[in-house]
Every structure is written in C-alpha cells, then in structure tokens.
Amino acid sequence: MTINAGPWTHDLTFGDLQNTQVTLGGASYFKLLLDVNEPGGSKSLISLDQLQFYTSKVGSQTTSNVGSLGTLRYTFSSGDSVILDASRNHGSGSGDMYAYIPTSDFAGTKTSDFVYLYAHFGTTDNSQAGFEEWALVNAAPILEMNALFPIIGFLRWPSPRNICGDVTRGSWATYSFHEFILRCLAEATVTVASVFRIGWRSVANGLASRVILRPPMFALQPEMKVFSGSANRELAQRICNYIGVPLGQATISAFPDGETYVKIEENIRGRDVFIIQPTCPPTNDHLMELLIMVDAARRASADRITAVIPFLDTHDRIEKINRVFR
Amino acid sequence: MIARGIVLIVAIIICATVGRATVVDLTGSNDSGYINGAQFVFTTPQPTGTGVIQPFLRLENSPVEQGYNTSGGTPFDDKRRTVDA
C-alpha cells in the first residue's frame, strides 16, 4: 500500500496561521474550526482531551514524541477537556466548534516557521466513528482562480439543497435571479477586493462595486469555457448571459440502446472548462450524464475541468460511501 | 509535626492542581468556554466557501485518536489519501 501526501493532513506555516487572525473583545486570536463526526443517539458525544501547538523551523516531522516537535506554544492542563455533541449539527464538513488561540502565545515566531497542532480525542468521551477535522478559518479568503468565477458560488450558498428549490422547479420566487447571482458574487468579491486592493466594506455594501468588478473578473479567465448538461440548460444559459460568456456547444443525445452520447463541439484543448449540471431527478441519469461530459472534456484535452453542481442530490450518500472506503 | 505540615502542603498543592482542570461543555448547557486563555465556541454549520476553510488535520480512530498535522508521515491516527492498495 502506498501512502501519498493528501489534502487532509499537511504542514502549516505560521504565515498560514496568521491569515486567520481575528480580534475578539480587544484581544487577538487565531481562529480554527473543528468538525466532528460521531454516530447519533447516546454515542454522539466526543471529548477533546488535549490540544497543543508547537512551532519549529523543521517541517514534515514524523516523530511519535510529540514533545519534541518544537517550542510548545499552547497546551491544555492536565484534566482539561472540551466536550462536544456531534448531533447538535447535522452532517459533516461545516464545523462544530471554533477554537480561538491567543496570538500572544506565538510571540517571536517567524512567518516561515512550521506550526504543529496536536490533538487527542476520546479519553473522557470515546470517539466512535467518522473523522474529526481541523481547519483554518481565513479572515481574508485565499485567492483561487475558481473563486473569481461567481457560479462557483452556487455550490456554496446557502446550501445545495436550498438551491434545489429554485433550480429544479424553475421558480425564482424565493430569490430573484438577479439577487441570487449577486448573493453568489458576494463570496467571490471578497477575494477580488483583496486582489484589486479595494476596501471590502465598499465592495460588500455597494451593488455598483460588484458590477464594476465584473469585467476584470472574467478578463482573468480568457480560457474559460462553460458547458451545460441537459438537467437545466436555462440556468446555464442565464448564468452565461449574466457573466458575458457564450455557452459552449455540446451535443447530448442517446445511442440506440439508450446510453448517453456526448460530443463537445468546440475546441477545448488547454481550456478551463466548467460543466453546469444539477443532479436533480432523474438523479442517476443526470449524474451519469455529468460524468460522461467530464470524460468527454478530459479526452478533448481540457486543461482543467470543474463540475458545477447546484443541487447535489446524492451528497450524503456519497459521504457515507467515501467513509466505507477510507 | 513538620512531616504533617509537609503532607498538608502537598495535599493542598495536589487539590489546587486538580481544581485547575477545566471542562468546557459544548453539548448544550453552554456555548463557549475558556481553557488557558483560548476560547472554545460552539458553532452552527458555517459557510465553507472557496478559500475560506483550509482543512489541515484529519483524525480517525476508536475509542481514542490522536495526531498532529504534518506532510511527512502518519505517526498517529491522522488521515491521508490512499492512492494505491
């Protein structure tokens, strides 16, 4: 079995931690998010019995002697613990607890130094199943190219299931399309504000600011191609109309035996491809179509492929399946 | 007499040490608490938009689990991506 560096556990630098700095009651803290996953019922409790932070000039350490990781910056005392109830929040991935660690504990640490968070769970209340995950909460979101593309916001706000009502029923009664897009833009504009050195407050509060920011956002994505599956072409077309990018041409039909046939009708070699496809009912058909479109785009040598799934119907089940195979 | 005094002092020190242990109960009775200057606050599900959340340590084991973030290896119960089996 080969173990490679994965996305879940990795080195942190003090610079990474500094991005989470917030002020509470006049004091400065680093802000982290803990997400716990436990069974329901009487087994939903889990205890965090030790939390320590170390800093070191040496990264990627593998020692089992935690005390040798570096300079101890923060620790629980003997007997200290935090008791959490995973059932208070439904599902995983969106957090259960914020930990605010005083920045003063890290005095003298250099930006390039490595930070190690050591955590121990289960002594007071056992860990039963599922994983516990620590994450940084960035005060200013880190720039990613996808963050400049507002439709990615459909994945983020307010939640896929809430969006389902708008998308699959074709009703924009809850949120007008215009308002909906602007709300989705809000997340991206945080990043854009930092790129263009525009005050976040003025961007967040001003509709005009968002409109002004729109052209440079897409000027940075000249290689972008947007395609739609058959689940909701109207949504994809309206998104493209709004952002001023033509909807890509793709033929979606079926072979005589009923299998889905997809042909990308444009040259997408080296392009940044976005495929919009909600997995609303019939879920399996739409999901399979999306996978075939991704495969077609990959075979056509797209540089990067992003599936935009406004409504991910099988999300919870996929999470459970993933846990089985972890 | 001196020995009794020493025992009493030790007992007081032990009691004081035990008494310092803090349990922050976020199961419903309270939504926040402090341990050694750090604040721990229960939160309802939070938006995890692009670039906002950066996971860096995942742990999984039962009945106890421990670990620290590193790119170097898996000394404890931290989870990494298994690519070949």
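Among contacts in chain B between residues at least 6 apart in sequence, what percentage join residues at least 24 apart? In this predicted model, the figure is 0%. Chain B has 85 residues, and 31% of them count as buried. Its secondary structure comes to 1 helix and 6 strands. Along the sequence, the order is α-β-β-β-β-β-β.

Chain B also meets chain A through paired strands. Strand 9 of chain A and strand 5 of chain B run antiparallel, joined by 4 bridges. Across this pairing, His120(A) stands opposite Gln66(B). Strand 5 of chain B covers residues 65-68. Glu65(B) and Gly67(B) point one way from this strand. Gln66(B) and Tyr68(B) point the other way. All four residues are buried.

The largest nonpolar core holds 46 residues. Leu32(A), Leu84(A), Tyr116(A), Leu117(A) and Ala119(A) touch the most other members. Both chains contribute strands that each supply at least two residues of this core. From chain A these are strand 4 (27-35), strand 5 (45-56), strand 7 (81-85), strand 8 (97-102), strand 9 (114-121) and strand 10 (132-137). From chain B they are strand 3 (38-42) and strand 4 (53-59). Strand 9 of chain A gives the most, with 7 residues. Leu117(A) has contacts in both chains. Beyond residues up to four places away in sequence, Leu117(A) touches Phe53(A) and Trp134(A) in chain A. In chain B, Leu117(A) touches Leu57(B), Tyr68(B) and Asn69(B). A second core, separate from the one above, has 22 residues. Among them are Ile268(A), Ile305(A), Val308(A) and Ile309(A).

Helix 7 of chain A spans residues 283-299, 17 in total. From first C-alpha to last, helix 7 reaches 24 Å. That is close to the 24 Å expected at 1.5 Å a residue. Its buried residues are His286(A), Leu287(A), Glu289(A), Leu290(A), Met293(A), Ala296(A) and Ala297(A). An α-helix has 3.6 residues a turn, so residues three or four places apart point the same way. The buried residues of helix 7 pack against five strands of chain A: strand 11 (224-228), strand 12 (250-254), strand 13 (260-264), strand 14 (272-276) and strand 15 (304-308). After helix 7 comes Ser301(A), with a positive phi near 70 degrees.

Technical notes: Residues are numbered from 1 along each chain as its sequence is written. Chains are lettered from A and ligands numbered from 1 in the order in which they are written. This is a predicted model: local features need pLDDT of at least 70, side-chain atom pairs count only at pLDDT 80 or more; totals for chains, interfaces and linings use all residues. A nonpolar core is a set of buried Ala, Val, Leu, Ile, Met, Phe, Trp, Tyr and Cys residues joined through C-beta atoms within 7 Å. A residue is buried if 20 or more other C-beta atoms lie within 10 Å of its own, exposed if 12 or fewer, and partly exposed in between; C-beta atoms are placed from the backbone. Two residues are in contact if their C-beta atoms, placed from the backbone, lie within 7 Å. Two strands pair if DSSP finds at least two bridges between them. The expected span of a helix is 1.5 Å times one less than its number of residues.
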